[in-house]
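Visitor: I have just arrived and would like to understand the words people use for this model. Could you take me through them, with the reasoning behind each one?

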Amino acid sequence: QVQLVESGGGLVQAGGSLRLSCLASGGTFRRYAMGWFRQAPGKEREFVADISGSGFSTGYADSVKGRFTISKNNAKNMVYLQMNSLKPEDTAVYYCAARKEAIMMYDYWGQGTQVTVSS
C-alpha cells in the first residue's frame with residue numbers, strides 16, 4: 001500500500017512560481033510512475049503531468065507545457081511539480097498519484113494541496 005502526502009501549495013500572484021512536493025511511502029518507489037492531477041471548483045479532475053518510474057520520461061498537458069516541470073527523486077521517494085508563470089486558471093486542488101508502470105490506472109492518491117493564483 002502506497003501513501004502519498006503533498007505539500008507546497010499556497011497563494012501566489014499571477015506570473016509567480018510554486019513548487020509542489022509529494023512524499024511517497026509503502027512501496028518500491030522506482031517501480032511506480034507518478035502523476036500530478038488537478039481539480040478546479042465545479043470542474044472534473046484533469047491530468048497535469050506524469051513521469052516514469054526511472055524519471056527519464058515525462059508528459060504534460062498542453063495547458064501547462066513549457067511552464068510546469070515534473071521531476072522525481074527515487075532516493076528520497078519524492079516527486080515534484082515546479083510551476084512557473086502561473087495563471088489564475090491554474091487555481092485548483094493539486095493531487096499526486098502513483099501507479100505501477102505496467103498498469104495504466106492510478107491506484108494511489110494523495111489528499112491534495114490547494115493552489116490559488118490571484119490576478
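Visitor: What share of the residues in the chain is buried?

Guide: In this predicted model, buried residues account for 44% of the 119 residues in the chain. A residue earns that word when its relative accessible area is under 20%.

Visitor: What elements make up the chain?

Guide: There are 11 strands and zero helices, so the pattern along the sequence reads β-β-β-β-β-β-β-β-β-β-β.

Visitor: What makes the chain as compact as a globular protein of its length?

Guide: Its radius of gyration is 13 Å, and the globule rule gives 14 Å for 119 residues. The two values are close, so the chain counts as compact in that sense. Along its principal axes, the C-alpha trace spans about 40 × 25 × 25 Å.

Visitor: How do you know that contacts join residues far along the sequence from each other?

Guide: Take the contacts between residues at least 6 apart in sequence: 55% of them join residues at least 24 apart.

Visitor: Now the rings, please. How many aromatic pairs are there?

Guide: Searching the whole structure gives five aromatic pairs.

Visitor: Why is the pair of Tyr32 and Tyr108 called edge-to-face?

Guide: Rings pair when their centres lie within 6.5 Å, and planes over 60 degrees apart count as edge-to-face. The centres of Tyr32 and Tyr108 are 6.2 Å apart and their planes stand at 70°, so both conditions hold. Tyr32 belongs to strand 4 (residues 32–39) and Tyr108 to strand 10 (residues 108–109), so this pair ties together parts that are 76 residues apart in sequence.

Visitor: Are these two tyrosines buried or exposed?

Guide: Tyr32 has 8% relative accessibility, so it is buried. Tyr108 has 17%, so it is buried as well. The cut-off behind both conclusions is 20%.

Visitor: Which residues are linked into a cluster by ring pairs?

Guide: Phe37, Phe47, Tyr106 and Trp109.

Visitor: What makes you say that a charge sits over the ring of Trp109?

Guide: Such a charge must be within 6 Å of the ring centre and within 35 degrees of the ring normal. The charged end of Arg45 sits over the Trp109 ring at 3.8 Å from its centre. Arg45 also lies over the face of Tyr95, 5.4 Å from that ring centre.

Visitor: Why is the contact between Glu46 and Arg38 called a salt bridge?

Guide: Side chains of opposite charge can pair when their charged atoms come close. The name calls for a nitrogen and a carboxyl oxygen within 4 Å. For Glu46 and Arg38 the closest N and O atoms are 2.6 Å apart, so the name fits. It is one of four salt bridges found in the whole structure.

Visitor: How do you know that Glu46 is partly exposed?

Guide: Its relative accessible area is 35%, so it falls between the 20% and 50% limits. Arg38, at 5%, counts as buried.

Visitor: Which residues are joined with Arg38 into one network?

Guide: Follow the bridges from Arg38. Its closest atom pair with Asp90 is 2.9 Å apart, N to O. Arg38 is in strand 4 and Asp90 in the loop between strand 8 (78–83) and strand 9 (92–100), so the bridge ties together parts 52 residues apart in sequence. Asp90 in turn meets Arg67 at 2.7 Å. Arg67 lies in the loop between strand 6 (58–60) and strand 7 (68–73), so that pair ties together parts 23 residues apart. Asp90 is buried at 1%, and Arg67 is buried at 10%. Shared partners therefore join Arg38, Glu46, Arg67 and Asp90 into one network.

Definitions and conventions. Residues are numbered from 1 along each chain as its sequence is written. This is a predicted model: local features need pLDDT of at least 70, side-chain atom pairs count only at pLDDT 80 or more; totals for chains, interfaces and linings use all residues. Side-chain values use heavy atoms; hydrogens and water are left out. Rings of Phe, Tyr and Trp (its six-membered ring) pair if their centres lie within 6.5 Å; planes under 30 degrees apart count as stacked, over 60 as edge-to-face and the rest as tilted. Helices (H or I, at least four residues) and strands (E, at least two) are DSSP runs, numbered from the N terminus. Buried means under 20% relative accessible area, exposed over 50%, partly exposed in between (1.4 Å probe, protein chains only). A salt bridge is a side-chain nitrogen of Lys or Arg within 4 Å of a carboxyl oxygen of Asp or Glu. The radius of gyration is taken over C-alpha atoms; the globule rule is 2.2 Å times the number of residues to the power 0.38. Contact means heavy atoms within 4.5 Å.
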